[in-house]
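Colleague: I'd like a close look at one part of this model, plus a quick sense of the whole chain to set it in context. Here it is.

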Amino acid sequence: MEFTQPGIGAELAHTIAFRHRLEPACGVRASWVAERRRGEVVGVLTAAPPLGWIGSIKMLSPEHRSYVAHHIVEAEAVSIAPQARGRRLGHHLIETAAAHYTGLGYRLMLGTTTVLSLAPYYRQVGFTVLEPGERIAVADPLGAVLHRPADRHVVQMWKALHPEVTVVGSQMPDGTPLQLLTQVLVPPPGSPEVVRHDDGSLTICDGGARQTVDARTAGMMERMYRTPVTEEEVREGMAEALRYGLEPLMAARLRKASGYSLPELMGPPRGTGASAGRR
């Protein structure tokens with residue numbers, strides 16, 4: 001985005017603000033401008049969730065993609081007119097955008113550049129700038145890792161929007177070292193805590209209850225989470241799901257992913273006798 005002719009900044013800002021709105025499930029797109037005087041735009045920043053990357057992760061269900069799109073945003077473009085450079089306008093736009101998305105509950109801001117000399121500029125405003133071609137890796141609450149690779153000439157960067165976001169040293173299954181961003185994707189308040197163990201098992205802590213499931217069951221749970229279901233499939237099993245105390249959408253996924261009915265998987269509902277389960 002370059003200020004190559006008079007009025008281009010205002011034109012771009014208007015286009016972004018009024019023609020590039022996102023559906024609510026896709027997160028929030030926003031833009032900011034810096035004006036030297038009313039109507040004379042000298043700086044533009046646009047930001048939106050990285051939907052191309054999120055959509056390319058095949059293991060994610062539509063609901064999970066929406067969940068990621070409401071936690072991670074990307075500064076898509078930052079541009080300052082030549083006559084206004086050197087006044088920290090770009091930094092101010094980034095800080096304004098970061099504060100806006102923090103207020104919306106976003107926890108991580110991404111960015112990319114192909115200009116290596118800009119690395120110090122972005123570090124000054126709080127970005128961690130990676131090496132050219134280095135991938136970003138984000139821990140998912142289900143135990144998966146969401147990788148965002150980059151071409152060899154592309155520099156990726158990230159900026160924490162929440163104090164809990166941190167980096168831990170990890171490694172890929174083949175032993176390759178990995179810097180993993182954690183506490184970016186967090187379950188909603190009140191959700192059970194899920195801990196993934198090295199042997200593939202899961203421990204689920206919900207209030208005072210604690211349950212560990214083996215790797216095979218954990219694998220089925222992950223397949224269940226990724227299994228798409230239709231509104232009709234959810235509606236058909238809603239009454240049965242409620243008898244078992246299950247959320248209807250997750251119950252529909254459980255049935256579809258496993259190929260079994262809830263009674264076959266779980267026995268009779270609580271509070272019923274064995275005869276009720278055989279009907």
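What percentage of the 279 residues in the protein chain is buried? After that, please zoom in on the open sheet of 6 strands: what is its strand order, and which salt bridges turn up in a search of the whole structure?

Modeller: Before the tour, a word on the ground rules. This is a predicted model, so local features need pLDDT of at least 70 and side-chain atom pairs count only at pLDDT 80 or more, while totals for chains, interfaces and linings use all residues. Residues are numbered from 1 along each chain as its sequence is written, and side-chain values use heavy atoms, with hydrogens and water left out.

To your opening question: 39% of the 279 residues in the protein chain are buried. Buried here is under 20% relative accessible area, exposed is over 50%, and partly exposed is in between, with a 1.4 Å probe and protein chains only. The protein chain has 11 helices and 13 strands, taken as DSSP runs (H or I of at least four residues for helices, E of at least two for strands) and numbered from the N terminus. Of the contacts in the protein chain with a separation of 6 or more, 58% are between residues 24 or more positions apart; a contact means heavy atoms within 4.5 Å.

Now the sheet. Its order is β1-β2-β3-β4-β8-β5, it is open, and the pairing is mixed; two strands count as paired if DSSP finds at least two bridges between them. β1 and β5 are the edge strands with a single partner each, so one side of each has no neighbour in the sheet.

Walk across it from β2 (residues 40-48), which runs antiparallel to β3 with 6 bridges between them. One of those pairings puts A48 across from E74 in β3; keep E74 in mind, as that residue comes up again below. Further along, β4 and β8 are antiparallel and joined by 6 bridges, and L110 stands opposite W158 of β8. On to the edge: β5 (residues 128-129) pairs with β8, again antiparallel, over 2 bridges, with V129 partnered by M157 in β8. β8 is mostly covered, as 5 of its 6 residues are buried.

Then there's the helix to look at. α4 lies across β1, β2, β3, β4 and β8, and runs at about 145° to β1. That angle is between N-to-C directions on a scale from 0 to 180 degrees, with axes as lines fitted to C-alpha atoms, for helices over the stretch in contact. Just before this helix, in the loop between β3 and α4, sits R88, whose phi is near 65°, a positive value in a residue that isn't glycine.

Next, the charged pairs. Side chains of opposite charge can pair when their charged atoms come close. The search of the whole structure gives 3 salt bridges, each a side-chain nitrogen of Lys or Arg within 4 Å of a carboxyl oxygen of Asp or Glu.

Two of them involve β3. R148 bridges to E74, with the closest N and O atoms 3.1 Å apart. R148 is in strand β7 (residues 145-148) and E74 in β3, so this pair ties together parts 74 residues apart in sequence. Both ends are buried: R148 has a relative accessible area of 13% and E74 has 11%.

R29 pairs with E76, the closest N and O atoms being 2.8 Å apart. Here R29 is in the loop between α1 (8-19) and β1 (30-37), while E76 is in β3 (residues 72-80), and 47 residues separate the two. R29 is partly exposed at 25%, and E76 is partly exposed too, at 39%.

The remaining bridge joins R107 to E164, at 2.8 Å from N to O. R107 is in the loop between α4 (89-103) and β4 (108-113), and E164 is in the loop between β8 (155-160) and β9 (166-171), 57 residues apart. This one is mixed in cover: R107 is buried at 8% relative accessibility, whereas E164 is partly exposed at 44%.

So, back to what you asked: the sheet reads β1-β2-β3-β4-β8-β5, and the salt bridges are R29 with E76, R148 with E74 and R107 with E164.
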